[in-house]
Amino acid sequence: MPRLRICFILNPNSGTNRRQDVPALITQHLDHDKVASTIYRTQYAGHAEELARQAAAEGYRVVVAVGGDGTVNEVGRGLLGTAAALGIVPRGSGNGLARHLRVPLALPAAIRRFNAPDFQRIDVGDINGHPFFCTAGLGFDAHVSKCFAAAGTRGLATYVQVALREYRTFRPTPIQVTFGEKELDTNCYILAFANAAQYGNNAYIAPLADIRDGLLDLVLIDALPLWRAVRVGLGLALGDLPKSGAADFHTARQVHVQTATPLGFHVDGDYVGEASAFKVDLTPLALEVAT
Ligand SMILES: Nc1ncnc2c1ncn2[C@@H]1O[C@H](COP(=O)(O)OP(=O)(O)OP(=O)(O)O)[C@@H](O)[C@H]1O
């Protein structure tokens, strides 16, 4: 049997547990009779996408993102349209896609999975030309991801701190949302597009989202008074937001959004920028993953 060729793409800056020596763990936990592996290290933001595309062109069957959802997004983007499958060694602070795909969070166990991986395909979302694999969103979640990036420290505690601080001043924006036969004139506090069920850290924004159903789960929160903010927080933690009545849920393959004033958006937790028109769609089963 020829050995499975795997390329690991390591973001040296990701996550809160940077001290773990990933190359040593790969040497220790891969079965080198079954797997031939290489490690590429990213040198700048965006580099993982280029390295992933290069690894796919070099014939690697699996290209593994070693990092958080930002690195997973870059590697996934680089692999779209190629014959290589995406793997994940989760080393971020949220690890939304890894958690959704039930990749072990402990690095040795995650690495050992590549000795005999399972292959499956997942849907891929796109917002204004930016692919996403886990979630994208407009409004408060995007605003918090922008402030979080500027916060200097990572992790859930910083995220919650930033969200609580920004909650005091963030205001909703009037929007028009069109999908299928529906047209909603509403306000956007948060409009999330979920391919996977969670933002990361087991915060379940769309607990019923199926990453293989050919549909995005839309989660709309038009206003967030304190009572509802508490219920949304609980719903994220308990995974019962759809039952809570604190958010509206829809499913769609394609969505158009017009906003009264420019609104920030994120893909997979990384802030992208502002726009006042959004086209969001989903391509079914567009990416192969190895888990
Ligand atoms: N060598 C590098 N130098 C600077 N930035 C990098 C480098 N490699 C990758 N990046 C950028 O770092 C960003 C954050 O990485 P990543 O998401 O993997 O880690 P994280 O932010 O700690 O995890 P999480 O997204 O789970 O919070 C990525 O979007 C990527 O663009």
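Modeller: A quick definition before we start: domain bounds here come from an automatic or database domain assignment. Also, keep in mind that this is a predicted model.

Biologist: Okay, so how many Å separate the centres of domain 1 and domain 2?

Modeller: Start with the assignment, which gives domain 1 as 4-117 and domain 2 as 130-284. Take the centres of the two over their C-alpha atoms, and the separation comes out at 27 Å.

Biologist: And which helix gives the most to the side of domain 1 that touches domain 2?

Modeller: The contact takes 15 residues from domain 1 and 20 residues from domain 2. On the domain 1 side, α3 (69-79) and α4 (96-100) each supply at least two residues. The biggest giver, with six residues, is α3.

Biologist: What about classes: how many residues on that side of domain 1 are polar?

Modeller: Let's go through them. Three are nonpolar and three are charged. The polar count on the side touching domain 2 is nine.

Biologist: Moving on to α6 and α7, how do their axes lie to each other, oblique or roughly perpendicular?

Modeller: Helix α6 (residues 140-149) and helix α7 (residues 156-167) have axes that come within 9 Å and cross at roughly 120 degrees. Roughly perpendicular covers 65 to 115 degrees, and roughly antiparallel needs over 145. So α6 and α7 are oblique.

Biologist: Is that crossing left-handed or right-handed, and which residues of α7 make the contact?

Modeller: The crossing of α6 and α7 is right-handed. From α6, the contact uses H143, V144, C147 and F148. From α7, the residues are T158, Y159, V162, A163 and E166.

Key
Residues numbered from 1 in each chain as written. Predicted model: local features only at pLDDT ≥ 70, side-chain atom pairs only at ≥ 80, totals over all residues. Axes fitted to C-alpha atoms, helices over the stretch in contact; angles between N-to-C directions. Helix = DSSP H or I, 4+ residues; strand = E, 2+ residues; numbered from the N terminus. Parallel < 35°, antiparallel > 145°, perpendicular 65-115°, else oblique. Left-handed = near helix turned anticlockwise from the far one by under 90°. Contact = placed C-beta atoms within 7 Å. Nonpolar A, V, L, I, M, F, W, Y, C, P; charged D, E, K, R; others polar.
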